[in-house]
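Dear colleague,

I am handing over the structure we spoke about, with the sequence alongside. Please look through it before reading my notes underneath.

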Amino acid sequence: MKTKLKGISYSKYGYLFSIPFVVAFLIFTLYPTIYTAILGFTDCKGINGPENYHFLEHPFENFQKVLSMETFKTSLKNTIVIWIINFIPQITLALLLTAWFTSHSNEIKGKGFFKVVFYMPNIITAATVAILFNALFAYPRGPVNDFLISTGLRDTGYNFIANKMPSKLIVAFIQFWTWYGNTMIVLISGVLGISPDIYEAAQIDGANGVQTFFRITIPNLKTVLLYTLVTSLVGGLNMYDIPKCFNDGGPDNATLTASVFIFKQAFSGKWIYNRAAAASMIMWVIIALCSAVLFFIMRDKEQIKLDKEIKKAKKEAMRASKGGLDQWQL
Amino acid sequence: MAVVKKSAGSYTFKIVAYAVCILLTVLSIFPFIIMLVNATRSSAQIQQHALSLIPGHNLKMNWSYFASQSFNPFTGFKNSIIVACCATLCTVYFSTMTAFALVAYEWKLRKPFFTFIMAVLMIPAQVSSIGFYNMMYKWHWTNSLLPLILPAIAAPTVVFFMRQYMIPSLPMEILQSARIDGAGEFRIFNQIVLPMMKPAMATQAIFSFVTSWNSLFMPSILNTKTEKFTMPQMVALLNGDSYKTEYGTVYLGLFLTVLPILVAYFFLSKYIIEGVALGGVKG
């Protein structure tokens, strides 16, 4: 029996166990992606669209049309603007909280509780959150307006939902509110992964909390920060639930994101599949580029590099403490 | 002197830090408190004073209006539970299996396959939705729960996570000894590997479930019949015309959809936070 074992090749099981994944991927991901790309070159539209369609004489007609459409440009601009308004405060607050929660010199009590509470909005259905905020900012007397009037900040209610910039800000705020806790926890775990020796060395050399944070924590957190940036960007480019449920992309397309645009072109009574497919492929290319960046980062995550980084961080720590001394002497 | 200075500094630091944390706590919880309170108040009360911490007596009225609408909210619950449970089972089981193939066996395409999984890690299903919809339309699979469940079999992020977890925690000697005892490869996977991967599977199960439960885009392109609506689709209806003046009912509807998630969250928060820390979820 034992002698027989040696002769058996197990490599076929590698293929066998991968079959479900590969089959499901081919059918439900790869094929639809190619199909979407193809539809982008056809005249597929109308209520009977999915059944019959022909290739266009000018293959890039749909792409040209989409790229020249004001609504698409607006949607792309909105997507990026909303993402930026949400991401900058999000990463700032997450970094600040990370610095506080991982501080060695000033222990904060109740960290576990705060983490649980800050993360909570992330677990709630985005559609629910969007409609809840729509109700909170309701006009003339939703809770927020009620607060503004009863505290005397305003005489009458302000119609947040009918105005363009406030709507954008609210959508960005919802995104911020649901994601900062998640980002914070990811960053904290990144900090906890940094070798404590570095911090000890910095402490011995007399670096203060701020110096330690900027000269040791941030440089060592580079990979995690980039990961957060890219994942957040891809998530932001796909934003659908919040703007859709908050005010259906309105008012006047102020919160129309690329995903809502695609949905509206194809599924809300217009059935312009070819144009929606072309817009999808444009988004696909943008996301694939972002994804390529992440792929590049993750590939670098090998042990050798890690060791190198630790060495570099140690040097940084030395330099940080030296920098601290210089300041002191000045 | 220096000692006094330091403690004064840390004092202000602590005051600022706690103040910010408490403020954020209020920010996280307050919207839900307003929601809960307003769910018990009448539309007239809400119109007069939307911001109140005193519950009203209109819970029953709001509920009867909510229940009298054309759709049945429990259908949404039922559909969402079916979809989320099946999708979670598919994701966790088949991703662990794929990870096992990547870790335990030497095969020619192993490295290219893993590189491929890394490459498609971030591509969301949403960008291929037009093709997906047309395919499902041709198959007559619209208004069915299957297209919401089956794609969950191929979940690159979960495979990636499972592989990372499996490499250090699955000793090859155990597989060898199981083989000597005469166990087949499939049995080894089901009876030895799966139990060993339980902690990682639990984490991934929670996130798969939440993602599936919360997803709105795919169900809303595929389902047009209310009897196939999932919970988020039902929620989206709360912004519709039939609720324009029924403020209390909207809050009640929102509360009902949040309740199961909140209850689950407070039981599982420890694991969820740990899971996020492991990079188990992307955003």
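The notes below go from one chain as a whole to a helix contact, a core and a single residue.

This is a predicted model, in which local features need pLDDT of at least 70 and side-chain atom pairs count only at pLDDT 80 or more, while totals for chains, interfaces and linings use all residues. Residues are numbered from 1 along each chain as its sequence is written, chains are lettered from A and ligands numbered from 1 in the order in which they are written, and side-chain values use heavy atoms, with hydrogens and water left out.

Chain A has 15 helices and 0 strands (DSSP runs numbered from the N terminus, H or I of at least four residues for helices and E of at least two for strands). Of its 330 residues, 52% count as buried (under 20% relative accessible area, with exposed meaning over 50% and partly exposed in between, for a 1.4 Å probe and protein chains only). Among contacts (heavy atoms within 4.5 Å) in chain A between residues at least 6 apart in sequence, 67% join residues at least 24 apart.

Between the chains, the axes of helix 5 (residues 111–123) of chain A and helix 14 (residues 247–277) of chain B come within 10 Å and cross at roughly 110° (lines fitted to C-alpha atoms over the stretch in contact, with angles from 0 to 180 degrees between N-to-C directions). That makes the two helices roughly perpendicular, a term for angles of 65 to 115 degrees. The residues of helix 5 of chain A that take part include K115(A), Y119(A) and I123(A), and those of helix 14 of chain B include I261(B), F266(B) and V276(B).

The largest nonpolar core (buried Ala, Val, Leu, Ile, Met, Phe, Trp, Tyr and Cys residues joined through side-chain atoms within 4.5 Å) has 186 residues, and among those that touch the most other members are Y119(A), F100(B) and V193(B). This core draws at least three residues from each of domain 1 (2–65) and domain 2 (72–237) of chain B, with bounds from an automatic or database domain assignment. The centres of these two domains, taken over C-alpha atoms, are separated by 37 Å. Leaving aside neighbours within four places in sequence, V193(B) is in contact with F100(B), M166(B), L170(B), L175(B) and I188(B).

Finally, A119(B) lies in helix 5 (residues 110–119) of chain B and is partly exposed, with a relative accessible area of 34%. Not counting residues up to four places away in sequence, A119(B) touches S291(A) and F295(A).

With best wishes

Note on methods. Angles under 35 degrees count as roughly parallel, over 145 as roughly antiparallel, 65 to 115 as roughly perpendicular and the rest as oblique.
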